[in-house]
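Please look over the sequence and the structure shown below before reading on. The paragraphs that follow move between pairs of helices, the whole chain and a handful of single residues.

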Amino acid sequence: MNLHEYQAKTLLAEYGIPVPPGRPVFSVNEALEAADELGGDSWVVKAQIHAGGRGKAGGVKKVFGRDALEKTAGDLLGTRLVTHQTGPAGQPVKRLLVELPSAVLHELYLACLVDRALERVVFIVSSAGGMDIETIAAKHPEKILRLVADPVAGLQAYQCREIGFALGLKDKQIAALSRLMLSLYHLFCARDLSLVEINPLAVVSDGELIALDAKIQVDDNALFRQKALEELHDSSQDDPKEHKAHEIGLSYVALDGNIGCMVNGAGLAMATMDLIKLHGGAPANFLDVGGGTTADKVAEAFKLILSDTNVKAILVNIFGGIVRCDLIAEGIIKAVKEVGITIPVVVRLEGTNVDQGRALLKGSGLKITAADNLTNAAKLVVAAVVKK
């Protein structure tokens, strides 16, 4: 789960990590009130969306005077901001962050994340802050520093000091970096985070370090014990279909193809999409209906897939383990009748009572094609789309 920048900075501040004075606002009037509260005659206005690249897309602007603030806030609120991470549809801008500008001497990059190969918490640090870290890693890999925290002893102060020296920081700055990194590690572990990215981490005129921008991701699997963070979720930033899927207990990710996929099991779903691509098709979604598939859940899954107008055919790939194949087939038939599907549906069943399940599908009289294996199912559904 992603947090907005202002939410991330609030969390950083709770753990003693310096952030610029700022206020989230939801209207032009609130932006002007925030300016009065913050003081000064210039402010930084930042669109709050769950995507990077806001500055290049015009979503981050420094303004001088109340008139400019009022115009900029009015221009941003209610629009959709398109960045290299959002896709052509962009993300809706429903809130802004109004901040006081900082006197920056130098910009650093700092991130904390889980390295799944090492099974460790890892810090990524660079002296080239404010830029795309992928570009830096590709063109100047020597500028990327890496620090691995011990899972028992945790992050150690000497490791932070070594990073500070490697970045060329001075005494006060090294001490500030050490405090910040230790606090960040505490935050990361205590709040079940999967990523914290501070870019840029600014060295300011008094030698302190300030998080000018922050991105935080919370581990979805830990939200049951992080209720306060779960309440911060902004559903307006989600794909509507993905949000609906979450509400009904389905794992769904929208893609840009035209073959809808309904599968039970994440690994099987990935294999299904791979085979569709292999045979010249394009998956329209990732959809895992889970092991305990029911007729009602299958019907909801069909409705979700069909809400994408690009879908021209559907591939259902179910392994009947927890639920027998004949019961799954009955559920598919009921769902197809209920939803009123008019596009081709290819079904591949495997597992307990598979023969009974296939017989039910064949005798249903519906526009359902039963496949005897996954490769054949992928070929059939791709061919059905080509015919259309």
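**Helices, chain and single residues**

Helix 2 passes helix 3 in a right-handed crossing. In this model, which is predicted, the axes of helix 2 (residues 28-38) and helix 3 (residues 66-76) come within 9 Å and cross at roughly 145 degrees. On the side of helix 2 the contact is made by V28, A31, L32, A35 and D36, which meet R66, L69, E70, A73 and G74 in helix 3. Sorted by character, the residues of this contact between helix 2 and helix 3 comprise six nonpolar, one polar and three charged.

A second pair of helices can be described in the same terms, since two packed helices are characterised by the angle between their axes and the distance between the axes. For helix 11 (residues 325-339) and helix 12 (residues 354-362), the axes come within 7 Å and cross at roughly 20 degrees. Because angles under 35 degrees count as roughly parallel, helix 11 and helix 12 are roughly parallel to each other. Helix 11 passes helix 12 in a right-handed crossing, and the residues that meet are C325, D326, A329, E330, I332 and I333 in helix 11 and V354, Q356, G357, L360 and L361 in helix 12. In this contact of helix 11 with helix 12 there are seven nonpolar residues, two polar and two charged.

Stepping back to the whole chain, the protein has 13 helices and 18 strands, and its C-alpha trace spans about 80 × 50 × 40 Å along the principal axes. Of its 388 residues, 48% count as buried, while the area that the protein exposes is about 18200 Å², with carbon and sulfur atoms supplying 52% of it. When contacts between residues at least 6 apart in sequence are considered, 67% of them join residues at least 24 apart.

Single residues show how individual positions fit into this picture, and two buried ones may be taken to begin with. H4 lies in the segment before helix 1 (5-14), and, with a relative accessible area of 0%, H4 is buried. Which residues does H4 touch, if those up to four places away in sequence are not counted? H4 is in contact with Q48, I49, H50, R95, D234 and Q237. L177, which lies in helix 6 (residues 171-190), is likewise buried, with a relative accessible area of 1%. Leaving aside its neighbours within four places in sequence, L177 is in contact with C160, I163, G164, L167, L169, L201 and L209. L177 can also be related to the second helix pair, for its C-alpha atom is 61 Å in space from that of D326, a residue 149 places away in sequence, and D326 is one of the helix 11 residues that meet helix 12.

Other positions reach the surface to some degree. K61 is placed in strand 3 (residues 60-64) and counts as partly exposed, its relative accessibility being 36%. Apart from neighbours within four places in sequence, K61 is in contact with W43, V44, V45 and T72. Between K61 and A138, which are 77 residues apart along the chain, the C-alpha atoms are separated by 28 Å. V386, found in helix 13 (residues 374-387), is exposed, with a relative accessible area of 67%. Although V386 and G281 are 105 residues apart in sequence, they are 8.8 Å apart in space, C-alpha to C-alpha.

The backbone itself deserves attention at a few places. Which residues does a cis peptide bond join? The bond lies between N199 and P200, with omega at about 5 degrees, and the place of P200 is in strand 10 (residues 193-204). E119 has a positive phi of about 60 degrees although it is not a glycine; this residue is placed in the loop between strand 7 (104-115) and strand 8 (120-126), and E119 is exposed, with a relative accessible area of 63%. N353, another residue other than glycine with a positive phi, has a value near 60 degrees. N353 lies in the loop between strand 17 (345-351) and helix 12, and at 26% relative accessibility N353 counts as partly exposed. This loop leads the reader back to the second helix pair, where helix 12 meets helix 11 through residues that include V354.

Definitions and conventions
Residues numbered from 1 in each chain as written. Predicted model: local features only at pLDDT ≥ 70, side-chain atom pairs only at ≥ 80, totals over all residues. Heavy atoms only, no water. Axes fitted to C-alpha atoms, helices over the stretch in contact; angles between N-to-C directions. Helix = DSSP H or I, 4+ residues; strand = E, 2+ residues; numbered from the N terminus. Parallel < 35°, antiparallel > 145°, perpendicular 65-115°, else oblique. Left-handed = near helix turned anticlockwise from the far one by under 90°. Contact = heavy atoms within 4.5 Å. Nonpolar A, V, L, I, M, F, W, Y, C, P; charged D, E, K, R; others polar. Buried < 20%, exposed > 50% of the residue type's maximum accessible area, 1.4 Å probe, protein only. Areas by Shrake-Rupley, 256 points an atom, 1.4 Å probe, with all protein chains shown as cover.
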